[in-house]
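Open the model in your viewer and keep the selection panel at hand. This tour goes stop by stop.

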Amino acid sequence: MALVVDRIGTLVTWDEEPVLHDAAVVVDGGRVVWTGPAGRAPSAGERLDADGRCVVPGFVDAHTHLVFAGDRSEEFAARLAGAPYAAGGIRTTVAATRAASDDELLSRARALAAEALRSGTTTIEVKSGYGLTVDDERRSLEVAARVTEHRTFLGAHVVPDGDADAYVDLVCGPMLDEVAPLATAIDAFCEEGAFDEDQCRRVLRAGQDRGLDVHVHANQLGPGPGARLAAELGAASADHCTHLTDDDVSALRDARVVAVLVPVAEFSTRSPYAPARRLVDAGVTVALATDCNPGTSFTTSMPFVVALACRELGLTPLEALRAATLGGAAALRDDDVGHLRVGARADLVVLDAPSPVHLAYRPGVDLVHRVIRRGEVAR
Ligand SMILES: N=CN[C@@H](CCC(=O)O)C(=O)O
Ligand SMILES: [Zn+2]
């Protein structure tokens with residue numbers, strides 16, 4: 001049945017006129033079918049009175065690692081006491097994930113996806129990468145497939161043990177053979193302590209040959225080749241992008257690679273923040289994501305990400321909201337979501353606030369009044 005959300009104080013659609021005031025939106029068949037002035041909407045079977053609240057597109061979280069078991073709060077506490085973050089911590093979660101049953105992995109991933117939905121995330125990407133054997137990567141992606149349509153194979157997350165090149169052979173060969181039908185994209189952690197440029201290139205090209213989109217964990221812990229490799233391969237996104245040279249920024253812009261920024265990882269590891277302002281000003285499409293994972297960023301909250309992006313990364317509230325919605329959709333190459341133009345998937349969030357500025361102005365406060373996903377009220 002069609003639903004009209006009426007008497008909206010501020011409606012963000014990202015259409016030609018991106019922000020409307022005193023507006024309404026009508027959804028039908030899981031799609032947006034009309035937007036315009038409040039009180040003028042075509043009739044619909046159901047009506048939701050927004051009573052002056054703000055309505056924004058559902059958040060698109062383009063970078064998460066939701067399939068894992070175990071807990072790394074001790075490692076986090078050690079960091080609070082001054083210990084640095086290192087890629088090797090991933091192996092702690094790998095051991096716990098391998099030991100967990102399929103049911104446990106699924107119920108934990110579902111619980112996190114439900115938590116994300118309650119905070120307004122209506123589209124989520126989920127990576128594997130805590131299995132690192134053929135069987136454990138397959139079952140991680142099977143779990144991901146029960147949670148989302150955007151599933152990324154991250155077999156090249158860290159070398160689990162033994163020789164790195166032999167492990168890369170496994171990732172590009174038998175592992176990819178097994179998981180390619182389950183995945184929509186491939187990723188590699190291009191970093192000191194993880195995989196070098198040549199190893200990442202091999203893995204990512206092998207994925208591209210199977211028709212997978214490419215994401216790259218790039219320039220997280222220090223300067224390096226990740227962002228330029230993403231540009232060379234025509235990747236959908238380069239993620240983290242904490243340490244970028246001007247040449248890296250130009251390469252991302254010229255190759256139209258989306259920079260997916262994950263400021264809670266920097267918050268939680270006490271690292272410098274990514275140069276969001278420099279990226280936006282250079283014309284790079286920026287996305288914001290949670291990077292939800294047990295090591296560097298154990299949050300599902302896109303509102304918190306938006307607040308940090310405004311306070312610490314120098315984005316305006318509208319730039320941050322755009323990055324958390326339309327930017328995420330660009331990183332996932334999904335035109336259906338991240339906006340509320342006519343024809344979009346009917347994913348929207350009614351905020352208990354008059355404008356999106358409140359996402360940053362009221363940090364840590366649950367401002368989500370209603371979540372509508374595929375036209376159905378989900379919260
Ligand atoms: N950097 C690589 N992967 C995750 C962290 C993984 C972990 O520490 O468990 C990230 O995106 O931050
Ligand atoms: Zn990540």
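Each stop below says what to select and what is there.

**Whole model.** Start with everything shown. This is a predicted model. Colour the chain by confidence: pLDDT averages 97, and 100% of the residues score at least 70. For the complex, the predictor gives an ipTM of 0.98 and a pTM of 0.98.

**Residues 55-354.** Select this range next. UniProt, in an unreviewed entry, marks it as "domain: Amidohydrolase-related". Helix makes up 45% of this stretch and strand 16%. Now pick the C-alpha atoms at its two ends: they are 9 Å apart.

**Ligand 1.** Centre on the ligand and show its surroundings. There are 14 residues around ligand 1. Which of them come nearest? They are Gly89, Ile90, Asn293, Gly295 and Thr296. Colour the shell by residue class: nine residues are polar, four nonpolar and one charged.

**The annotated binding site.** Select Tyr130, Asn293 and Gly295. The unreviewed UniProt entry lists these three under "binding site". They span 166 residues in sequence, yet no two of their C-alpha atoms are more than 11.3 Å apart, so they gather at one spot. Two of these names were met at the last stop: Asn293 and Gly295 are among the residues that come nearest to ligand 1.

**Asn293.** Stay here and zoom in. Asn293 sits in the loop that links β13 (286-288) to α11 (302-311). Is Asn293 buried or exposed? Asn293 has 25 C-beta neighbours inside 10 Å, so it counts as buried; the cut-off is 20 or more.

**Helix α12.** Select residues 317-331. This helix has 15 residues. From first C-alpha to last, α12 reaches 20 Å, close to the 21 Å expected at 1.5 Å a residue. Look along the helix to Ala323, where α12 bends by about 40 degrees. Then bring back the surrounding residues. Of the 15 residues of α12, 13 are buried, so the helix is largely enclosed by the rest of the structure. Step just past α12 to Arg333, which takes a positive phi of about 50 degrees.

**Ala109 and Ala69.** For the last stop, select Ala109 in helix α3 (residues 102-118). Ala109 has 23 other C-beta atoms within 10 Å, so it is buried. Add Ala69 and draw a distance between the two C-alpha atoms. Ala109 and Ala69 are 40 residues apart along the chain, and their C-alpha atoms are separated by 9.2 Å.

Terms used: Residues are numbered from 1 along each chain as its sequence is written. Chains are lettered from A and ligands numbered from 1 in the order in which they are written. This is a predicted model: local features need pLDDT of at least 70, side-chain atom pairs count only at pLDDT 80 or more; totals for chains, interfaces and linings use all residues. A residue is near a molecule or strand if its C-beta atom, placed from the backbone, lies within 6 Å of it. Ala, Val, Leu, Ile, Met, Phe, Trp, Tyr, Cys and Pro count as nonpolar, Asp, Glu, Lys and Arg as charged, and the others, Gly among them, as polar. UniProt positions are given in the numbering used here, feature names are shortened, and annotations may be inferred rather than shown by experiment. Helices (H or I, at least four residues) and strands (E, at least two) are DSSP runs, numbered from the N terminus. The expected span of a helix is 1.5 Å times one less than its number of residues. The bend at a residue is the angle between axes fitted to the seven residues ending there and the seven starting there. A residue is buried if 20 or more other C-beta atoms lie within 10 Å of its own, exposed if 12 or fewer, and partly exposed in between; C-beta atoms are placed from the backbone. pLDDT is the predictor's confidence in each residue, from 0 to 100.
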